[in-house]
Amino acid sequence: MELLWKGIGICLITCVLIMFTSKQERDIALILALAGTVAVSAIMVSYLKPVIEFLGHLSELASLNADHLNVLIKASGVAIISEMASLICSDSGNSGLANAVKLLGSAVILWFSIPVFQSLVKLICTVLGDS
């Protein structure tokens, strides 16, 4: 919980610094936003490590296919990273680029999901009795 408050503090301080610098030096404001994003991302990763370990333990208990769990973890990571990149692009005034990053993230998630869809089709074929 302490890291949450540190992350919020970093965000608030970064926002105040950006407010003071954005009128004179837009480049410095963007660098501050990137630095704040990286710092908060590091905090986020520390919270996500136990979640990933728990999902791994849960998959062992339920005898889930590890490949499917990896797809879920990778897709979540891609979604988080592409959303953060999109927001940074939006903050820098590049809304077109922000939308392109979101679309790229969606395409990568679909690409990661192909093995899961293939397994689902095989399962449906097995249930229906087709080979």
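**Notes on the predicted model**

1. Let's start with a cysteine. C15 has a relative accessible area of 46% and is therefore partly exposed, since that class covers the range between 20% and 50%. Bear in mind while reading that this is a predicted model.

2. On to disulfides: how many does the structure hold? The count is 0. For C15, the nearest cysteine sulfur belongs to C11 and is 6.5 Å away, while a disulfide needs the two sulfur atoms within 2.5 Å. So C15 is in no disulfide. Another cysteine, C125, comes out as partly exposed too, with 28% relative accessibility.

3. C11 turns up again in the largest pocket, so have a look there next. This pocket has a volume of about 330 Å³. Its lining is made of 14 residues, and those closest to the centre are C11, A33, G36, T37 and D91. Three helices each give two or more residues to the lining: α1, α2 (residues 26–61) and α3 (residues 66–91). Which of the elements gives the most to that lining? It is α2, with 6 residues.

4. The surface has a nonpolar patch that you may want to colour in your viewer. Its members are M1, L3, L4, W5, I8, L12 and Y47, and together they have about 710 Å² of accessible area. Helix α1, which runs over residues 2–21, is the biggest contributor, giving 5 residues to the patch. M1 is placed in the segment before α1. Is M1 buried or exposed? With 64% relative accessibility it counts as exposed, because the bar for that class is over 50%.

5. Still in α1, there is a salt bridge to point out. As general background, side chains of opposite charge can pair when their charged atoms come close. By the rule used here, the count for the structure is 1 salt bridge. The partners are K6 and E2, with 3.2 Å from N to O; that qualifies because the cut-off is 4 Å. Both K6 and E2 lie in helix α1, and they sit 4 residues apart, about one turn of the helix. As for solvent, E2 is exposed at a relative accessible area of 57%, whereas K6 is partly exposed at 45%.

6. One more residue from α1: I13 lies in this helix. Its relative accessibility is 56%, so I13 counts as exposed. How far apart are I13 and N65 in space? From C-alpha to C-alpha the distance is 44 Å, with their positions 52 residues apart in sequence.

7. In helix α2, take S46 as a marker. S46 is partly exposed, as its relative accessibility is 32%. Its C-alpha atom is 37 Å from that of K122, and the two residues are 76 apart along the chain.

8. For α3, V71 is the residue to click on. Why is V71 classed as buried? Its relative accessible area is 13%, and buried means under 20%. If you draw a line from V71 to N99, the C-alpha atoms are separated by 23 Å, and the residues lie 28 apart along the chain.

9. Finally, helix α4 covers residues 95–128, and L103 is placed in it. L103 is a leucine that counts as exposed, because its relative accessibility is 60%. The C-alpha atoms of L103 and K49 are 27 Å apart, and these residues are separated by 54 positions along the chain.

10. A quick recap for your next look at the model. The salt bridge joins K6 and E2, and the disulfide count is 0. α1 gives the most to the nonpolar patch, while α2 gives the most to the lining of the largest pocket.

How values were computed
Residues are numbered from 1 along each chain as its sequence is written. This is a predicted model: local features need pLDDT of at least 70, side-chain atom pairs count only at pLDDT 80 or more; totals for chains, interfaces and linings use all residues. Side-chain values use heavy atoms; hydrogens and water are left out. Patches are made of residues with over 30% relative accessible area and no salt bridge: like charges are joined within 9 Å, nonpolar side chains (Val, Leu, Ile, Met, Phe, Trp, Tyr) within 5 Å. Accessible areas come from the Shrake-Rupley method with a 1.4 Å probe; for residues, only the protein chains shown count as cover. A salt bridge is a side-chain nitrogen of Lys or Arg within 4 Å of a carboxyl oxygen of Asp or Glu. Buried means under 20% relative accessible area, exposed over 50%, partly exposed in between (1.4 Å probe, protein chains only). On a 1 Å grid over the protein atoms alone, a cavity is a set of points where a 1.4 Å probe fits but cannot get out, and a pocket is an open set with protein on both sides within 12 Å along at least five of seven lines; lining residues have an atom within 4 Å of a point. Grid points are joined across faces, edges and corners, and a volume is the space filled by probe spheres set on the points.
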